[in-house]
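Subject: Structure handover

Dear colleague,

Here is the structure for you to look over. My notes on it come after the sequence and model.

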Amino acid sequence: MFDLPPNYKVVREGKENGENWIFRIKTCLDREITAVAVTQPTVSRTGPTWSYVFENNGLNTVDVGSPGSFDSLKDGYKAAGITLTDIQTCFVSHGHADHDGTIPEFISESKSDLYAHESYGFLKSFKSWDIQDFTSTVLQREFTKIVETKVDKKDLNQKIDSSAEYYKKKQEINVTVGLKHRDVFGDIEVYSTPGHSPDQICLAIDDVVFTGDHVLPEITPHPTTKMNLKKSFINRISKEAVELEALYGLKVYLESLGYILHSNEGRTLLPAHRLYNRSTLNIIDTERARAIIDHHSLRLARLLRNVISNSSSLEDLTKGLFSKGELSGANMVAALSEVVAHLEFLEDVGDIVVTEDGIISVPPSAKPNYKSVIDHILKGSNGVIR
Ligand SMILES: [Zn+2]
Ligand SMILES: [Zn+2]
């Protein structure tokens, strides 16, 4: 048995990968938080989604799991003695399917209010690839070209088909309150921490922070690439949508990690995945945010080294960073977009140039600038007050 801190209690034991486990965690103010592992119905590298329930002017929930996992959620709540209709407020950490996938059933059964980032209600009606102008930069154009020519259509279509029902149902979700940075609800403080997802929020209460997918143990959350909205879309939507562009990309993600690192010292982070895995309880604090920033700093260094030794293309650089397995089928899309996110960052700080035909090289007399940007984030001196 793993070491259980004195403020943790096991309510139900489960599998090695975290499925079925339920913990009860006490905060410094003796508030009880029930952590329920919700099984994902399809095989997932991230493991179950953790749903957290606690008292804060009535019962609150953070995240409810993937489409098709409502029975697993209900079973976990029942085992923990939680009645669904007692939940008054449901928070969604961000609009990814493994977090808001059971919202339609959850809200209709619990009749709870739904709280999510102010952009969630707007974004839920669109798939990111429907609103993004992939022709606006060379990197994004190359990205699309490689996906279209190198990734098996069957793998792609399967992904798109399997999510069609989820997107359809999502359109009908009603958000009760759209959240802004530093909003306060009872004892909860909301942080807007975009980057992994534009609508990602973290929620601080007592000495813990619910981090959704913003900060995870063991795995580094996937950063978004920059967003250039289609002109036709901007014309249709107005101001609100244009502000959306500022919520995407690796730099935004790293700044949001810096925010958690510097504003939450001494707090325990409660992630939406991997709270328990490989028969171990993962207890993380703000240092995990620093470790994720360090990971990206190393990735940037490696990419830049590869470009310095050889002017290269997006495809070659991606192949140089990932194994064959990591690039098989639809995995290729995730790997490519991660490299695009890093290259966009290097391009923005002037460490690389990308020619019209997609050749990536180092400008003459360049000195790496990315390091000082990251140092500022690590020191908390980058002046981002989100
Ligand atoms: Zn996510
Ligand atoms: Zn997730």
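The notes below take the metal sites, then one helix, then two loop residues.

Please keep in mind that this is a predicted model.

Metal sites

There are two zinc ions to look at, ligand 1 and ligand 2, which are 3.7 Å apart and are both coordinated by Asp213.

For the zinc ion (ligand 1), the protein donors are His94 through NE2, His96 through ND1, His196 through NE2 and Asp213 through OD, at 2.1 to 2.3 Å. Along the chain these donors are spaced H-x1-H-x99-H-x16-D. The angles among the four donor atoms run from 91 to 164°, and the site is irregular. A tetrahedral assignment would need all angles between 85 and 135 degrees. Two of the histidines in this site can be set side by side: His94 is buried at a relative accessible area of 0%, whereas His96 is partly exposed at 27%.

For the zinc ion (ligand 2), the protein donors are Asp98 (OD), His99 (NE2), Asp213 (OD) and His273 (NE2), lying 2.1 to 2.2 Å from the metal. Their spacing in sequence is D-H-x113-D-x59-H. Here the four donor atoms subtend angles of 84 to 153°, so this arrangement is irregular too. Asp98 and His99 are both buried.

Helix H7

H7 covers residues 153-170, which is 18 residues. At 1.5 Å a residue the helix should span 26 Å, and its end C-alpha atoms are 25 Å apart, so the two values agree. H7 nevertheless has a kink of about 40°, centred on Ala164. At the N-terminal end, Asp152 acts as the cap, with a side-chain oxygen 3.0 Å from the backbone nitrogen of Lys154.

The buried residues of H7 are Leu156, Ser163, Tyr166, Tyr167 and Lys170. Residues three or four places apart in an α-helix point the same way, because there are 3.6 residues a turn. The partners against which the buried residues of H7 pack are helices H2 (97-100), H4 (120-123), H5 (128-131), H6 (138-150) and H13 (331-348). Two of the zinc donors, Asp98 and His99, have numbers that fall within the range of H2 (97-100).

Two loop residues

Thr176 sits in the loop that joins H7 to strand E8 (177-179). Its relative accessible area is 45%, so Thr176 counts as partly exposed. The side chain of Thr176 comes to 2.7 Å from the backbone nitrogen of Leu114. Leaving aside residues up to four places away in sequence, Thr176 touches Asp113, Leu114 and Tyr115. Gly121 is 55 residues from Thr176 in sequence, but their C-alpha atoms are 9.3 Å apart in space.

Ser112 belongs to the loop between helix H3 (103-110) and strand E7 (113-117). With a relative accessibility of 6%, Ser112 is buried. Its side chain makes a polar contact of 2.8 Å with the side chain of Ser110. Beyond four places in sequence, Ser112 touches Ile87, Gln88, Thr89, Cys90, Phe106 and Ile107.

Regards

How values were computed: Residues numbered from 1 in each chain as written. Chains lettered and ligands numbered in written order. Predicted model: local features only at pLDDT ≥ 70, side-chain atom pairs only at ≥ 80, totals over all residues. Heavy atoms only, no water. Helix = DSSP H or I, 4+ residues; strand = E, 2+ residues; numbered from the N terminus. Expected span 1.5 Å × (residues − 1). Bend = angle between axes of the 7 residues up to and from the residue. Buried < 20%, exposed > 50% of the residue type's maximum accessible area, 1.4 Å probe, protein only. Contact = heavy atoms within 4.5 Å. Polar contact = N/O pair within 3.5 Å; in protein donor to acceptor, adjacent residues only side chain to side chain. Donors = N, O, S within 2.8 Å, 3.2 Å for Na, K, Ca; no water. Tetrahedral: all angles 85-135°; square planar, octahedral: opposite > 155°, others 65-115°.
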